[in-house]
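The following questions and answers are intended for a first-year student who is learning to read a protein structure. Please consult the sequence and the structure while working through each step.

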Amino acid sequence: MCSNGVSESEVRTRTFTLLEETSSIEEVIEGILATPAAENPFHVLFLDDIVRKHLNWLRQLPRVRPFYAVKCNDDRAILETLAALGTGFDCASKGEIDRVMEMGVNPRSRIIYAHPIKSKESLRYAKAKAVSMMTFDNELELVKIAEVYPDARLVLRIRHDSDKALVPLGKKFGCDAHLDGPKLLRKAKALNLTVVGISFHVGCGSLDADSFFRAISAAKVLFDYAKTIGFEFTLLDLGGGFPGDAEKPIDEFALAVNNALDEFFPNLDEIQVIAEPGRYYVASAVRLLTVIQGMKIIRDPTDDDRICHVMYYLNDGVYGTLFDWVSLRAINDLQRVMPVITKQKRDKQCLKSTVWGPTCDATDIICENVDFPEHSIGEYVLFENIGAYGMTFATNFNGFPTPVMRVYAGRNIWNSLETIKSIDWKQKNLDFLQKYLRLIK
């Protein structure tokens, strides 16, 4: 899949390796850590992790079709893998629509233009590409759509914020379900537009599973109201907010969603339920290998033999691919996460340490005053769970390069994806995929 339609620049910034059944990604990482360090940071993407996440989604949320949030990580190998698995895609721009349609994805059935505010040029583009399903949350957007793309299938986005989210989105998008929702539906009817359902987003990185239950309850009120003015809704979009780190399962989120669907939408044959997971699919699939470029040792002024603190300066940081991993946790007063203490360093003495990124900015700080084993200049430092927003947020501030991507996949999984990629997405249910992908359950 990766060999088709890949630009020269993409080839230069990635390598691709197939692993035999006897190999594991953990062995790959151990092998890298044992070799001389590369000059620049790089990511290790393991596609099998994404495949396993998809099968887990199908097991736990069998009635909810995932539309992957492209903004979270738009790496081509990730998009190709998800396209082969049959997911839909949540796109927020012309660029994201283009990137997804390069995979041969059907624009009408597998793309939702999930940005409530779109330029007229973007609407014309969506119309030309037959991307007809899109969100809105205000009257002026309806007027714009009526002028440019009156045949669009509209989804009203309501506001329902989780009280515990890394990034609350309701201040920017979503209408009040009770005060504004009915008025907007009446306006759409007056403009002779077609509204097909309701969407919401509880916030990125939500820590409150029950917020999904409450949001689905609010959506049901508008489903019922829509019938009274002549709309027959067929779509419920649950948005994103599902966790994706390796140690954060979605069990309680799935339970809340399934309970809400059972209570408020028992006749699901008439309603398509989708969601827009991003972090869930890719957070744990990517690791970052950085290198210590410099150190500063701070000694006790009264005892030169006593080390009080060590500062490590890495070749990637907050302005590179660690913004989401570090800054959002700091903004929300969460404990900053440390780099992985690897097997080779577990027996080393721990010292109070601060880990910095490479730029001149003093806010480029990864973690501070933490207990961290002794390292040396030129050694690797490993970060896990950084697949979400790492590359899409990265900058070249101060001229430092963003990491390249090393892509790994199990040979059996990859060959199976190649086999099924041309099969219609409707056939790719859990039983079908488990048969073809031959994954460990």
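Q: In this predicted model, in which loop does E384 lie?
A: The strand β15 covers residues 380-383 and the helix α14 covers residues 390-393. E384 belongs to neither of these two elements, but to the loop between β15 and α14.

Q: Is E384 buried, partly exposed or exposed?
A: The relative accessible area of E384 is 33%. Buried means under 20% and exposed means over 50%. The value of 33% therefore makes E384 partly exposed.

Q: What distance separates the C-alpha atoms of E384 and Y280?
A: Along the chain, E384 and Y280 are 104 residues apart. In space, their C-alpha atoms are separated by 14 Å.

Q: Which residue lies over the face of Y280?
A: A charge counts as sitting over a ring if NZ of Lys or CZ of Arg is within 6 Å of the ring centre and within 35 degrees of the ring normal. At 5.0 Å from the ring centre of Y280, the residue over its face is K53.

Q: At what distance from the ring centre of F42 does R406 lie?
A: This case again concerns a residue placed over the face of a ring. R406 lies over the face of F42, and its distance from the ring centre is 3.6 Å.

Q: Which residues form one aromatic cluster with Y280?
A: Y280 also takes part in an aromatic cluster. Its partners in this cluster are W57, Y68, F200, F212, F242, F253 and Y281.

Q: How many aromatic pairs are there, and what is the geometry of the pair of W57 and F242?
A: The count comes to 21 aromatic pairs. In the pair of W57 and F242, the centres are 5.0 Å apart and the angle between the planes is 75°. An angle over 60 degrees counts as edge-to-face, so the geometry of W57 and F242 is edge-to-face.

Q: How many residues apart along the chain are W57 and F242?
A: W57 lies in helix α3 (residues 47-60), and F242 lies in the loop between β9 (235-237) and α11 (251-264). Both W57 and F242 are buried. The pair links distant parts of the chain, at a separation of 185 residues.

Q: Why is the pair of F212 and F253 classed as it is?
A: The ring centres of F212 and F253 are 6.1 Å apart, and their planes stand at 80°. F212 in helix α10 (residues 210-228) and F253 in helix α11 are 41 residues apart. F212 and F253 are both buried. Because the angle of 80° is over 60 degrees, the class of the pair is edge-to-face.

Q: How many salt bridges are counted, and how far apart are the closest N and O atoms of R76 and E102?
A: Side chains of opposite charge can pair when their charged atoms come close. The count comes to 19 salt bridges. One of them joins R76 and E102, with the closest N and O atoms separated by 2.9 Å.

Q: Is R76 buried or exposed?
A: R76 lies in helix α4 (residues 76-85), and E102 lies in the loop between α5 (94-101) and α6 (107-110). E102, at 48% relative accessibility, counts as partly exposed. R76 has a relative accessibility of 4%, and so R76 counts as buried.

Q: Which helices does the salt bridge of E139 with K187 link?
A: The closest N and O atoms of E139 and K187 are 3.8 Å apart. E139 is partly exposed at 42% relative accessibility, and K187 is partly exposed at 25%. These two residues are 48 residues apart, and their helices are α8 (residues 139-148) and α9 (residues 181-190).

Q: With which residue does K183 form a salt bridge?
A: At 46% relative accessibility, K183 counts as partly exposed. The closest N and O atoms of the pair are 3.6 Å apart, and the partner of K183 is D180.

Q: How many cavities of 30 Å³ or more are found, and what is the volume of the largest cavity?
A: A search of the whole structure finds two such cavities. Among the residues that line the largest cavity are N315, Y319 and F400. The volume of the largest cavity is about 70 Å³.

Key:
Residues numbered from 1 in each chain as written. Heavy atoms only, no water. Salt bridge = Lys/Arg side-chain N within 4 Å of Asp/Glu carboxyl O. Helix = DSSP H or I, 4+ residues; strand = E, 2+ residues; numbered from the N terminus. Buried < 20%, exposed > 50% of the residue type's maximum accessible area, 1.4 Å probe, protein only. 1 Å grid on protein atoms, 1.4 Å probe; cavity = no way out; pocket = protein on both sides within 12 Å on 5 of 7 lines; lining within 4 Å. Points joined across faces, edges and corners; volume = space filled by probe spheres on them. Phe/Tyr/Trp six-rings, centres within 6.5 Å; stacked < 30°, edge-to-face > 60°.
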